[in-house]
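Visitor: Please take a close look at the salt bridges of this model, and then follow the charged and nonpolar surface around them as far as it helps.

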Amino acid sequence: MSILELKNVGYSYDNKRKVLKNISISLEIGKMYAVLGPSGCGKTTLLSLIGGLDSPNEGHILIDDKNIEQIGLSYHRKRNIAFIFQSYNLIDYLTPKENVALTCKLPPEQVLQSVGLTEEECKRNVLKLSGGQQQRVAIARALAADARVILADEPTGNLDEDTAVEITDMLKACAHEMNKCVVVVTHSVELAKQADVILKLKKGEIQVLEQKEAGR
Amino acid sequence: MNFLKRAYLYLVRKKVKTLFLFITLLIIATMLLTCISIQTAANNGVVNIKKSLRSYFTINAKQLPEGLNEKILKNILSIDGVNGEYILRSYTKAIYLDNNKNLLKIKTEGAATIPLGCENAGKIIGSSNSEKDSYFIEGGFKVIEGNHITLDQKNVILLHRDFAYKNGISLGDTIVIKNLENPELHVEVIVQGLFMNTREQNVGMTPSYDLYENVAFTDIVTSSKLIFGKLNNVFQYGDIYVDNPEQLDNIINNVEAISGVQWEKCILTKYDQGYQNTKRALETLQNIVFATMIVVMIVSFIILVLILTFSVRNRMHEIGVLLSIGMSKSAIVLQQLVEIFIITVFALVISYMTSFLLAEQVGNSLLAKTTKEYRVVEQKNNNNAVIEKDSELEKEVRMSHIEVTISELDYLVVWIVGMALCSITTVFAMIPIIKMKPKNILSQMS
């Protein structure tokens with residue numbers, strides 16, 4: 001079922017360099033999308049537009065057939081979107097539990113346990129956790145937001161291979177088991193292979209490289 | 001998690017930053033409260049000195065042959081603004097005799113001149129209150145036996161101790177004083193007290209009758225008889241005290257409007273220099289403090305904006321994260337405001353104590369200024385004519401202390417100003433962030 005739709009979306013920096021041109025794509029619940037592309041091609045920009053951090057210069061982005069600009073970008077971010085970043089972006093003076101509680105929709109303890117953090121780890125200062133643990137907290141925060149769309153920008157970029165695999169599996173589970181729409185921007189081919197749909201951004205245009213059938 | 005809880009957690013977990021901001025705000029609040037308290041104290045000081053630094057005017061009726069009498073005095077005392085306090089004075093020279101009409105010896109050693117006819121004469125000062133005479137207040141004279149002369153007394157005299165001892169005179173003895181120029185005018189007086197000088201006389205050109213040992217004080221009735229041959233209180237000089245030094249000019253005009261006196265032959269002089277000097281000192285203090293307060297506020301605003309701008313830039317990461325999870329900009333600004341409010345409240349509470357300790361020290365050191373009170377001193381020649389009026393420093397009124405307290409109103413003003421300053425500077429510091437798109441904030445983060 002389609003939840004997000006991009007219609008003829010275009011974006012340029014300072015009205016000069018056009019980064020995204022005429023992007024039209026439909027994103028569905030229960031699928032994980034990987035967005036590949038060379039550095040500077042606009043992957044993060046695409047994610048920012050979908051997540052309501054910025055507005056497209058052309059076209060619209062619809063969620064449940066409603067223009068996100070009309071429903072309010074802040075509201076859209078709060079209700080519909082959860083971000084996961086490469087550098088985790090946790091708030092350093094809050095514990096994992098408090099970081100997760102920022103989004104406030106689901107009980108933090110349960111969510112943190114579901115991502116594999118112990119009670120003791122939940123009470124530590126986030127800066128004293130490993131990279132993998134911090135990314136789990138970030139995922140827990142995204143899950144606790146109970147958002148239908150999870151946007152992940154290079155979520156395994158700072159992690160070792162084994163941890164990257166674990167995180168990838170979690171994202172897959174978010175899509176398939178929790179029925180979220182997960183969009184992952186990545187350079188990692190291994191991660192991209194785990195996605196249901198692989199998209200490629202090149203010269204501002206998007207194309208579907210691979211699409212797995214239902215049942216995968 | 002709401003912005004209140006986030007604000008609380010930030011403050012308790014980022015202790016160093018919180019403490020730094022707290023100390024900065026404490027210093028600002030203390031300085032503001034100190035300035036305001038000193039300003040208020042200086043304002044009160046101006047009011048208080050009107051009462052405490054007594055101002056008066058002197059009527060010099062020396063040139064009036066008939067002097068000034070009780071009726072005129074009564075008219076003067078009835079003028080609005082005259083507080084009823086006065087000192088009457090008269091001056092003459094008299095020969096001293098014992099009760100057997102034998103001449104008493106005066107001191108002549110050290111005198112520049114012994115004028116003809118003054119070989120046994122001394123200066124007589126008739127006074128309604130000898131204790132307030134300048135010889136006793138500023139001249140270093142001190143009564144060592146007996147009592148001072150007051151308004152209700154008559155036919156009494158205070159003699160210099162050395163003069164009394166030289167002539168074998170004791171308390172209670174009777175002597176005669178005879179007007180040097182008009183020997184028919186003489187009065188029998190009882191020695192009521194003996195005085196001495198605590199400071200050496202700077203003799204210079206002093207004639208014999210002006211040597212300290214030869215000076216005597218009588219009551220105003222005696223001097224009235226001695227000089228004017230009148231039994232009631234007639235006097236040459238009057239020091240009339242007023243309630244409000246600002247009214248002196250007006251009061252003097254009203255005195256000169258009293259009929260029956262040749263005011264053109266009299267000299268009326270106001271003495272409020274002490275009040276004016278102290279008032280000027282306090283007004284200068286007020287101006288300094290006011291200027292300091294403005295500077296403190298401007299500098300505080302700039303410092304706070306810089307500190308908060310720097311702090312907000314350092315929290316760009318946190319702001320970006322909060323925006324990305326759907327927090328509104330207003331909620332983020334509110335968190336910052338709550339943080340600054342909490343710190344400000346603590347700083348303001350403690351500033352009450354710190355400024356209480358500081359205000360009095362600063363206020364007094366700023367006011368370590370001397371006010372000087374000048375008196376006109378008459379220099380007379382042999383013929384009793386005024387030849388010169390000299391200003392002579394006779395009295396120093398040192399104003400080194402002001403009563404500094406922190407009133408509720410001052411404290412409330414500082415609270416309001418402090419809170420307003422912090423709110424404005426916080427919003428000011430947040431403006432650049434608020435104007436940025438979340439994407440740009442996150443770009444800066446990465």
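**Salt bridges and their surroundings**

Guide: In chain B, the side chains of B:R89 and B:D239 make a salt bridge in which the closest N and O atoms are 2.8 Å apart, the term standing for a side-chain nitrogen of Lys or Arg within 4 Å of a carboxyl oxygen of Asp or Glu. This contact links distant parts of the chain, since B:R89 belongs to strand β2 (residues 82-98) and B:D239 to strand β9 (residues 237-242), 150 residues apart; helices (H or I, at least four residues) and strands (E, at least two) are DSSP runs, numbered from the N terminus. Both B:R89 and B:D239 are buried, where buried means under 20% relative accessible area, exposed over 50%, and partly exposed in between (1.4 Å probe, protein chains only).

The model is predicted, so local features need pLDDT of at least 70 and side-chain atom pairs count only at pLDDT 80 or more, while totals for chains, interfaces and linings use all residues. Residues are numbered from 1 along each chain as its sequence is written, chains are lettered from A and ligands numbered from 1 in the order in which they are written, and side-chain values use heavy atoms, with hydrogens and water left out.

A further salt bridge of chain B joins B:K123 to B:D210, with the closest N and O atoms 3.1 Å apart. Here too distant parts of the chain are linked, with B:K123 in strand β3 (residues 121-127) and B:D210 in the loop between β7 (186-197) and β8 (216-218), 87 residues apart. B:K123 counts as buried because its relative accessibility is 16%. Elsewhere in chain B, salt bridges with shared partners connect B:R315, B:E318 and B:E339 into one network.

Over all chains, the count by this rule comes to 17 salt bridges. One of chain A lies between A:K97 and A:E109, at 3.0 Å from N to O. It links A:K97 in helix α4 (residues 96-101) with A:E109 in helix α5 (residues 108-114), 12 residues apart. A:K97 is partly exposed because its relative accessibility is 36%, and A:E109 is partly exposed because its value is 38%.

Turning to the surface, A:D160, A:E161, A:D162 and A:E190 gather in a patch of negative charge; patches take residues with over 30% relative accessible area and no salt bridge, like charges being joined within 9 Å and nonpolar side chains (Val, Leu, Ile, Met, Phe, Trp, Tyr) within 5 Å. A:D160 sits in the loop between β7 (149-153) and α8 (161-176) of chain A, and with 44% relative accessibility it counts as partly exposed.

Strand β7(A), which precedes that loop, is mostly covered, with 5 of its 5 residues buried. A:V149, A:L151 and A:D153 point one way and A:I150 and A:A152 the other way. β7(A) pairs in the parallel sense with strand β6 (residues 81-84) of chain A over 4 bridges, a pairing that requires DSSP to find at least two bridges, and A:V149 is the bridge partner of A:I81. Strand β8 (residues 181-185) of chain A also runs parallel to β7(A), joined by 5 bridges, with A:V185 as the bridge partner of A:D153.

Chain B, by contrast, carries a nonpolar surface patch formed by B:F290, B:I294, B:I298, B:I302 and B:L306, with about 470 Å² of accessible area together (Shrake-Rupley method, 1.4 Å probe, only the protein chains shown counting as cover for residues). B:I298 is placed in helix α8 (residues 273-314) of chain B and counts as partly exposed because its relative accessibility is 48%.

Definitions and conventions:
Lys and Arg count as positive and Asp and Glu as negative; His and the chain ends are not counted. The place of a charge is taken as NZ of Lys, CZ of Arg, CG of Asp or CD of Glu.
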